[in-house]
2 protein chains.
Amino acid sequence: MLPSLRIFSLALLLSIATRATLASDPLPSWNDGPVKRAILAFAEQAADPASPKHIPVADRIAVFDNDGTLWPENPIPFQLAFVIDELKRRLPENPAWKENPLVTAAVEGRMESILAGGTQALIELLDLTHADVATEEFDRRVRDWLKSANHPRFDRRYDTLGYAPMRELLDYLRSRGFKTYIVSGGGQDFMRVWAESVYGIPPEWVIGSYARTEYALIDGKPTLTKRPGVEFIDDKAGKPVAIDRFIGRRPVAAFGNSDGDKAMLEWTTVGRPNTLGVIVHHTDDTREYAYDSAPKSTGKLIEALKDAPARGWHVIDIKQDWNRVFRSGP
Amino acid sequence: MLPSLRIFSLALLLSIATRATLASDPLPSWNDGPVKRAILAFAEQAADPASPKHIPVADRIAVFDNDGTLWPENPIPFQLAFVIDELKRRLPENPAWKENPLVTAAVEGRMESILAGGTQALIELLDLTHADVATEEFDRRVRDWLKSANHPRFDRRYDTLGYAPMRELLDYLRSRGFKTYIVSGGGQDFMRVWAESVYGIPPEWVIGSYARTEYALIDGKPTLTKRPGVEFIDDKAGKPVAIDRFIGRRPVAAFGNSDGDKAMLEWTTVGRPNTLGVIVHHTDDTREYAYDSAPKSTGKLIEALKDAPARGWHVIDIKQDWNRVFRSGP
């Protein structure tokens, strides 16, 4: 490319980013910087039929991890907080649970005992609180919990803790014709209850881990009942599998925050021009948490961060890149 | 309701149906009759914000079985024709297959031997032709097959055999804001290759049976490989399960043709006002097939047909209700 042409392209790119920033900034909670500029340039070009980097609207698919990407995962993942509150609420009607050391650890808040049991311990607690219940009744329980439970540090409802910059990003991408899917290790049924109000993401765009369900006519009423055991874990190498199974196309943009999202970032970007990979790096202990190099529960970010430069993945430094983390306060 | 008011409502209903029919009939391959009128009234009212039977656009979800509902399933399901052609094509490079009596039966066209083996025999043949292959390569094989294979009776490409009345119906429902999903016992990956060109249905609205896939970086390239065995069979009680898993909302309209669709029709309509259930009844041996009371392979329609009157499900009599079956000829 001639030097003058190269300067022209750079100027064009900058002008696209600047215009979007100055005119009416769709991402006001984001500080100006390379990540914000990369996102704006990518989405504006994707939506612009005259751009060489235009993406047909059918292919404008963006996938987002949830815990640690769209809302916090500390001090424990919010779904685990739901599990513990449900165990407490239903303990009186389930006296046998008192003999279960895992349940006792959970209701007494001894998280280290639960986490020491690994995935198996978590699945046992999930079975007690997520299984043998009709899907409609489960949804009701999640809704009731959201109304009553507060986050221990921020002292506000969990469903007010979606990251403000990410909600702006979701709205912005949708305004540019993108479908915004959640692809999360969290429970699909749990997330679908609130994803629409918190993120504007409808149930059919929420993909997560799931258990078996069973259909039957019960007293003449069509009923789906959630059963114990995990049928599919939507994490790590499971994420590209889930994307293929549920969407059937490769996304052009992926957003994650941990090594659990590395495969999804690869599947979206590696060997494919005109794609976007972004990692949320938790660096802000004052406004949120700084934990990802040594997390207590989930959210380890080592391998994906190491791969980021060579893969061309952008890294959001929360401290630097976001001028606010939540919608109001803390 | 006052008699005069009741007459007024009836007149309104008829006028809606008639107006749609006369002005520019969105369903020209459908003869005037109770099924066509019921479909038109349902969709027009769903889309009309002033109607008491208005349905919010987010809930306008219609689910369609595929084999026998959107295209034929005779003399054998088309995916089985693909399996047999693939076995023939790849036999020279797989000499061991010649020792396999199932493969021999398939390539010699002895269908009764395969069908006698039931689901297990079909899965064995599916594994040979659908497994241990990258998803992209599998898609290419299906595309190549569609270009080369012809239906034995109609002597034309399989992907020209979508029912013309159903394609009109799909287009019409989408024009009224409906999302049109396929929910089929057929292979999800197989259907996604051609569903968009044949029915205007994008991959993310195609739900079917599926096998396990595995993600890995192979020679630095992100790869999904299809593995043997069926992970999920999207038939009978599996259909409501799949609808809940993939869509996360209950549909308001369901279209099927066999007892395999009964649970899906129930899940959509039973106990829920303002829903639509429709069964395609194969009655036309001249233009298509009349087989569903005693099918050779799939497509038995006994229980669902028996339930139809009490459930309020409409039954399409192909001979009566469709003035043409395919787009041109046969």
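This is a short talk on the sheet, a hairpin, one buried helix residue and the two domains of chain A, in a model that is predicted.

Let me begin with the sheet in chain A, where 6 strands form an open arrangement in the order 4-3-1-7-8-9, with parallel pairing. The edges are taken by strand 4, residues 206–209, and strand 9, residues 314–317, and because each of these has a single partner strand, one side of each is left without a neighbour in the sheet. From one strand to the next, the twist averages 20°.

If we follow the sheet to the edge at strand 9 of chain A, we find that strand 8, residues 276–281, runs parallel to strand 9 and is joined to it by 4 bridges. Within that pairing, A:Val280 stands opposite A:Ile316, the latter in strand 9 of chain A. Helix 13 of chain A, residues 303–311, packs on the sheet and touches both strand 8 and strand 9, and the direction of this helix makes about 145° with that of strand 8 of chain A.

Next, the hairpin. Strand 5, residues 213–218, and strand 6, residues 221–226, both of chain A, pair in the antiparallel sense over 6 bridges, and one of the partnerships sets A:Leu217 against A:Pro222 in strand 6. There are 2 residues between the strands of this hairpin, and A:Asp219 takes a positive phi near 50° there.

What places A:Phe42 among the buried residues? This residue sits in helix 2 of chain A, residues 34–47, and A:Phe42 counts as buried because 24 C-beta neighbours lie inside 10 Å, where the cut-off is 20 or more. Its C-alpha atom is separated by 9.0 Å from that of A:His54, a residue 12 positions away along the chain.

Finally, the domains. The assignment for chain A gives domain 1 as 26–74 + 162–321 and domain 2 as 78–148, and the C-alpha centres of the two lie 26 Å apart. Their contact draws on 18 residues from domain 1 of chain A and 17 residues from domain 2 of chain A. On the domain 1 side, the elements that give two or more residues are strand 3 (179–187), helix 9 (188–192) and strand 6 of chain A. Strand 6 of chain A, which we met in the hairpin with strand 5, supplies the largest share of that side, 4 residues. By class, the side of domain 1 that touches domain 2 in chain A has 8 nonpolar, 7 polar and 3 charged residues.

Key: Residues are numbered from 1 along each chain as its sequence is written. Chains are lettered from A and ligands numbered from 1 in the order in which they are written. This is a predicted model: local features need pLDDT of at least 70, side-chain atom pairs count only at pLDDT 80 or more; totals for chains, interfaces and linings use all residues. Two strands pair if DSSP finds at least two bridges between them. A residue is buried if 20 or more other C-beta atoms lie within 10 Å of its own, exposed if 12 or fewer, and partly exposed in between; C-beta atoms are placed from the backbone. Axes are lines fitted to C-alpha atoms, for helices over the stretch in contact, and angles run from 0 to 180 degrees between N-to-C directions. Two residues are in contact if their C-beta atoms, placed from the backbone, lie within 7 Å. Domain bounds come from an automatic or database domain assignment. Ala, Val, Leu, Ile, Met, Phe, Trp, Tyr, Cys and Pro count as nonpolar, Asp, Glu, Lys and Arg as charged, and the others, Gly among them, as polar.
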